[in-house]
Amino acid sequence: MPSSTLFDTAIGRCGIAWTEDGIVAVALPEPSDEAMEDYLAGFGAAHGQVDALAADAIDRIVGLLGGRTVDMRPIPLVLDVSEFDASVYTVCSEIPRGSTLTYGDIARRLGHPGAAQAVGGALGRNPVPIIVPCHRVLGAGTEVGGFSAPGGANTKQRILGIEGVPGFDEPTLF
């Protein structure tokens with residue numbers, strides 16, 4: 001049975017669920033702790049003692065959302081997803097901090113140039129946002145596109161700003 005816990009970040013309280021084999025889910029800020037716990041319970045998780053694997057993932061998430069350059073790829077994941085979704089998450093995980101791709105870019109990289117909407121659907125089902133950086137995927141041009149996490153596009157824009165993506169950072173006077 002997966003364990004879960006909540007933790008504080010620069011964008012608010014988040015949650016994580018894990019097993020001894022890897023991370024199962026990440027919850028971005030919800031209106032209440034109860035809503036996050038309910039979300040994580042959907043993955044079969046119950047509050048548990050944070051182990052080394054979860055502590056490392058939490059440290060990396062807190063660091064990234066705090067503005068540090070953090071590599072999420074070493075975090076082991078235990079995902080129950082389709083082969084297509086897994087392939088989308090693999091490509092998405094290769095997008096470096098401060099960079100973005102479009103849904104169409106990912107579809108083309110997968111050899112399915114007409115599958116931009118399917119890529120968007122896969123990213124909408126991403127159970128481990130931030131670890132699989134679906135926030136780095138935009139619509140055509142620099143359109144933010146959807147973001148299924150609480151706060152929607154505003155949360156996505158805020159994370160992109162934290163990461164220093166041009167056009168999403170805090171406005172300046174000069």
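Trainee: How many aromatic pairs turn up in a search of the whole structure?

Mentor: One. Tyr-39 and Phe-43 have ring centres 5.3 Å apart and planes at 70°, so the pair is edge-to-face. Keep in mind that this is a predicted model, where local features need pLDDT of at least 70, side-chain atom pairs count only at pLDDT 80 or more, and totals for chains, interfaces and linings use all residues. Residues are numbered from 1 along each chain as its sequence is written, and side-chain values use heavy atoms, with hydrogens and water left out.

Trainee: Why is the pair of Tyr-39 and Phe-43 called edge-to-face?

Mentor: Rings of Phe, Tyr and Trp (its six-membered ring) pair if their centres lie within 6.5 Å; planes under 30 degrees apart are stacked, over 60 edge-to-face, and the rest tilted. With centres 5.3 Å apart and planes at 70°, Tyr-39 and Phe-43 pass on distance and land in the edge-to-face class.

Trainee: Are those two residues buried or exposed, or partly exposed?

Mentor: Buried means under 20% relative accessible area and exposed over 50%, with partly exposed in between (1.4 Å probe, protein chains only). Tyr-39 comes in at 31% and Phe-43 at 29%, so both count as partly exposed.

Trainee: What makes Thr-9 buried, then?

Mentor: Its relative accessibility is 14%, and that value falls under the 20% cut-off. Thr-9 sits in strand 1, where six of the seven residues (3-9) are buried.

Trainee: Which residues does Thr-9 touch, not counting those up to four places away in sequence?

Mentor: Cys-14, Val-62 and Leu-65, where contact means heavy atoms within 4.5 Å.

Trainee: What makes the side chain of Thr-9 a partner of the backbone of Gly-12?

Mentor: A polar contact is a pair of N or O atoms within 3.5 Å; within protein, one must be able to donate a hydrogen and the other to accept it, and residues adjacent in sequence count only if both atoms are side-chain atoms. The Thr-9 side chain reaches the backbone oxygen of Gly-12 at 2.6 Å and the backbone nitrogen of Ile-11 at 3.2 Å, so both distances fit the limit.

Trainee: How do you know that strand 1 pairs with strand 2?

Mentor: Strands (E, at least two residues) and helices (H or I, at least four) are DSSP runs numbered from the N terminus, and two strands pair if DSSP finds at least two bridges between them. Strand 1 and strand 2 (residues 12-19) share seven bridges and run antiparallel, so they qualify. Asp-8, for instance, stands opposite Arg-13, and a hairpin of two residues links the strands.

Trainee: What makes strand 4 (residues 46-47) a partner of strand 1?

Mentor: Two bridges, running parallel, so the minimum is met. Ser-3 is bridged to Ala-46 and Ser-4 to His-47.

Trainee: Why do strand 3 and strand 4 stand at the edges?

Mentor: The four strands form an open sheet in the order 3-2-1-4, with mixed pairing. Strand 3 (22-27) and strand 4 each have a single partner strand, so one side of each is left without a neighbour in the sheet.

Trainee: Which strands does helix 1 lie across?

Mentor: Helix 1 (residues 33-41) lies across strand 1, strand 2 and strand 3, at about 25° to strand 2. Axes are lines fitted to C-alpha atoms, for helices over the stretch in contact, and angles run from 0 to 180 degrees between N-to-C directions.
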